[in-house]
Amino acid sequence: MTITYDIAIVGGGIMGCASALRMGEGGMQPLVLDQSDLGQGASGVNAGTLSLQIKRVRLMPYALKGHHEWEAMGEAVGFHKTGGYTLAFTEREAALLHERQTLKAVAGAPITFVSDRQIREAEPGLTRKVLAASYCPEDGYANSSLTGQYFRRRLRDAGIAYRERCPVTAIERGLKGFTLTTADGQVHAQRLLLAAGAWLKPVAALLGVELPVQARINTVSVTERMPPLVSSVIGHATGLLTMKQKPNGSVLVGGGWQGRGAPQEGRGQVMAESVQPNLALAQYALPALAKARVLRSWTGFEANVPDFYPLAGALPGVGNAFVLGCVRGGYTIGPYIGKLMGDFILGREPELPLFDPARRFEEETT
Ligand SMILES: Cc1cc2nc3c(=O)[nH]c(=O)nc-3n(C[C@H](O)[C@H](O)[C@H](O)COP(=O)(O)OP(=O)(O)OC[C@H]3O[C@@H](n4cnc5c(N)ncnc54)[C@H](O)[C@@H]3O)c2cc1C
């Protein structure tokens, strides 16, 4: 007997899985399909930083709600609420920090500015060269390598079907819904959600839809285990550094430095000229890192559109098809915006507005 699912979800990252869970709770029968294993795309290789201080102002309400979702997931995803400091070392960075964090505080984030004495007392391992700093008690991190196993268990417990190592290679729209060609044969569904992350462009093209999605190739590095050096999440006013020391002592360093490659070509390439300044900035902030050996650097693909706001809503021009992705800070916001997307597809009013994929894209910077 052929099953017709209520909805087929292409992409089993944090967006696809969180949406599936919400729709399952709402009585729908979704099927999640992933070309790899669940949570092995951006959702499984990211730096895990859950920081309100590095989110865009307009996304602040979504990020705040996202933080609550992570807190509820707790230990199963390696969640730690540590608080976080964002540092400025020069007058220019201090002005940037002040401007950006004030806007975020006005938008609802509990961000305050702290004196150099306060920061020295709280984090004695940080450099004495901090000129200005902000603090947010909500900041923390989770362990992205647990994303896949966490959501696999949640889907299984909720009785939601998923297929791994099952790339979708063609999609046809018929009178009764969609037929997807996959590595596992054909799949039928009344609705469709594209949640394919950095692969959204080629996946939407299967339906003849052109989405202005680009891929960034972010790099993350990890050191060997070190004695306790820092207990909070540390960022930099420019956004070019995120750093935290994990419970096992290793220090994870990111900040959106770029590697090379394209999602369709497999893994991205780590570039020494990108990793070196990232590590130099980390070491400037936390001088004891000079003694740490870097064990591994890796890349992952993050999707964005020209205005750097999410694609979350109806897929332009295709009835009963939806798209969710391109969320800046998408690991933090994913569990919440996935719920909003699920509500929208269930025909409910989402608690916060979605982001119409058919809008005109204009570049924004804050
Ligand atoms: C290196 C890096 C560091 C980051 N650091 C942070 C951070 O510290 N904090 C933060 O909040 N955010 C961070 N992000 C952003 C965050 O990871 C992403 O926004 C988020 O994980 C995107 O989730 P997603 O589900 O949209 O995409 P993904 O997790 O990439 O999921 C998309 C899925 O679609 C699947 N797929 C693609 N094509 C097909 C197909 N044809 N058929 C079937 N399946 C398909 C892929 O296999 C993949 O599993 C970082 C991103 C990267 C890359």
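**Pockets, cavities and a small sheet**

In this predicted model, Gly159, just after H6, takes a positive phi of about 70°.

Q: Which residues of H6 are buried?
A: Let's stay with the helix that comes just before Gly159. Its buried residues are covered by elements that include H1, strand E2 (30-33), helix H2 (42-45), H3, strand E9 (161-163) and H9. The buried residues themselves are Thr147, Gly148, Tyr150, Phe151, Arg152 and Leu155.

Q: Which element gives the largest share of the lining of the second largest pocket?
A: This pocket has a volume of about 150 Å³. Two or more lining residues come from each of helix H1 (14-25), helix H3 (60-73), helix H6 (147-157) and helix H9 (330-345). Four residues make up the largest share, and they come from H1.

Q: How many charged residues are in the lining of the second largest pocket?
A: Happily, the lining can be read by name: Ala18, Leu21, Arg22, Glu25, Glu69, Ala72, Met73, Tyr150, Phe151, Arg154, Pro335 and Lys339. Sorted by class, seven are nonpolar and none is polar. The charged residues number five.

Q: Which strands are the edge strands of the open three-stranded sheet?
A: The sheet runs in the order E3-E8-E4, with antiparallel pairing. An edge strand pairs on one side only, and this picks out strand E3 (49-50) and strand E4 (80-81).

Q: Which residue in E8 stands opposite Thr49?
A: E3 pairs with strand E8 (residues 140-141) over two bridges, in the antiparallel sense. Across from Thr49, E8 places Tyr141.

Q: What is the volume of the second largest cavity?
A: Searching the whole structure turns up two cavities of 30 Å³ or more. The largest cavity holds about 60 Å³ of space. For the second largest, the volume is about 50 Å³.

Q: How many polar residues are in the lining of the second largest cavity?
A: Thr49 returns here, in a lining shared with Ser51, Gln53, Ile54, Gly84, Tyr85, Thr86, Asp139, Val233, Ile234, Gly235 and Thr242. Strand E5 (84-88) and strand E14 (233-236) each supply at least two of the lining residues. By class there are four nonpolar residues and one charged residue, while the polar residues number seven.

Q: How many polar residues are in the lining of the largest cavity?
A: Here the lining consists of Asp116, Ile119, Arg120, Glu123, Pro124, Leu126, Thr127, Arg128 and Val130. Four of these residues are nonpolar and four are charged. The polar count is one.

Conventions:
Residues are numbered from 1 along each chain as its sequence is written. This is a predicted model: local features need pLDDT of at least 70, side-chain atom pairs count only at pLDDT 80 or more; totals for chains, interfaces and linings use all residues. Side-chain values use heavy atoms; hydrogens and water are left out. On a 1 Å grid over the protein atoms alone, a cavity is a set of points where a 1.4 Å probe fits but cannot get out, and a pocket is an open set with protein on both sides within 12 Å along at least five of seven lines; lining residues have an atom within 4 Å of a point. Grid points are joined across faces, edges and corners, and a volume is the space filled by probe spheres set on the points. Ala, Val, Leu, Ile, Met, Phe, Trp, Tyr, Cys and Pro count as nonpolar, Asp, Glu, Lys and Arg as charged, and the others, Gly among them, as polar. Buried means under 20% relative accessible area, exposed over 50%, partly exposed in between (1.4 Å probe, protein chains only). Contact means heavy atoms within 4.5 Å. Two strands pair if DSSP finds at least two bridges between them.
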